[in-house]
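Hi,

Here is the structure I promised to pass on. Have a look at it first, and then read my notes below.

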Amino acid sequence: MEPEDMLPRSMQPQRRNLDPMSVEELEAYIAELEAEIARVRLDIEKKTKHRSSADSLFKR
């Protein structure tokens with residue numbers, strides 16, 4: 001279980017202050033966000049396949 005799984009679901013992530021960040025820092029931040037998006041998309045895909053398998057198993 002990930003540490004963020006312990007947080008309440010309604011809690012929104014804090015927005016970073018972009019003003020003091022350089023272009024290089026902003027690009028690194030975008031790379032971090034894109035990696036997180038890819039991780040979430042993989043989890044969605046995994047859960048969708050799991051649900052589909054369960055639905056086909058329990059269909060009459």
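Let's start with one side chain: is Arg16 buried, partly exposed or exposed? Arg16 has a relative accessible area of 42%, so Arg16 is partly exposed. The cut-offs are these: buried means under 20% relative accessible area, exposed means over 50%, and partly exposed is in between, with a 1.4 Å probe and protein chains only.

Before you go further, a word on where this comes from. This is a predicted model, in which local features need pLDDT of at least 70 and side-chain atom pairs count only at pLDDT 80 or more, while totals for chains, interfaces and linings use all residues. Residues are numbered from 1 along each chain as its sequence is written, and side-chain values use heavy atoms, with hydrogens and water left out.

The whole chain

The chain has 1 helix and 0 strands (both are DSSP runs numbered from the N terminus: H or I over at least four residues for a helix, E over at least two for a strand). The chain is more spread out than a compact globule, because its radius of gyration is 17 Å, well over the 10 Å that the globule rule gives for 60 residues. That radius is taken over C-alpha atoms, and the rule is 2.2 Å times the number of residues to the power 0.38. Along the principal axes, the C-alpha atoms fill a box of roughly 60 × 25 × 15 Å.

Just 3% of the 60 residues count as buried. The accessible surface of the chain is about 6,400 Å², and 56% of that belongs to carbon and sulfur atoms (areas come from the Shrake-Rupley method with a 1.4 Å probe, and for residues only the protein chains shown count as cover).

Charges and salt bridges

There are 11 positive and 13 negative side chains, with the centres of the two sets 14 Å apart. Lys and Arg count as positive, Asp and Glu as negative, and His and the chain ends are not counted; the place of a charge is NZ of Lys, CZ of Arg, CG of Asp or CD of Glu.

Side chains of opposite charge can pair when their charged atoms come close. The structure holds 5 salt bridges, each a side-chain nitrogen of Lys or Arg within 4 Å of a carboxyl oxygen of Asp or Glu.

Back to Arg16: which residue is its salt-bridge partner? The partner is Glu32, with the closest N and O atoms 3.3 Å apart. This pair links distant parts of the chain, since Arg16 sits in the segment before α1 and Glu32 in helix α1, 16 residues apart. Glu32 has a relative accessible area of 45%, so Glu32 is partly exposed too.

Now look at Asp43, which forms a salt bridge with Lys46 (3.5 Å, N to O) and another with Lys47, where the closest N and O atoms are 3.1 Å apart. Asp43, Lys46 and Lys47 are thus linked in a network of salt bridges. In helix α1, Lys46 is 3 residues from Asp43, about one turn of the helix, and Lys47 is 4 residues from Asp43, also about one turn. Asp43 is partly exposed at 28% relative accessibility, whereas Lys46 is exposed at 54% and Lys47 is exposed at 53%.

Two distances to try in your viewer

Leu42 lies in helix α1 (residues 23-58) and counts as exposed at 57% relative accessibility. From Leu42 to Glu24 it is 18 residues in sequence and 27 Å in space, C-alpha to C-alpha. Lys46 and Asp19 are 27 residues apart along the chain, and their C-alpha atoms are separated by 37 Å.

Cheers
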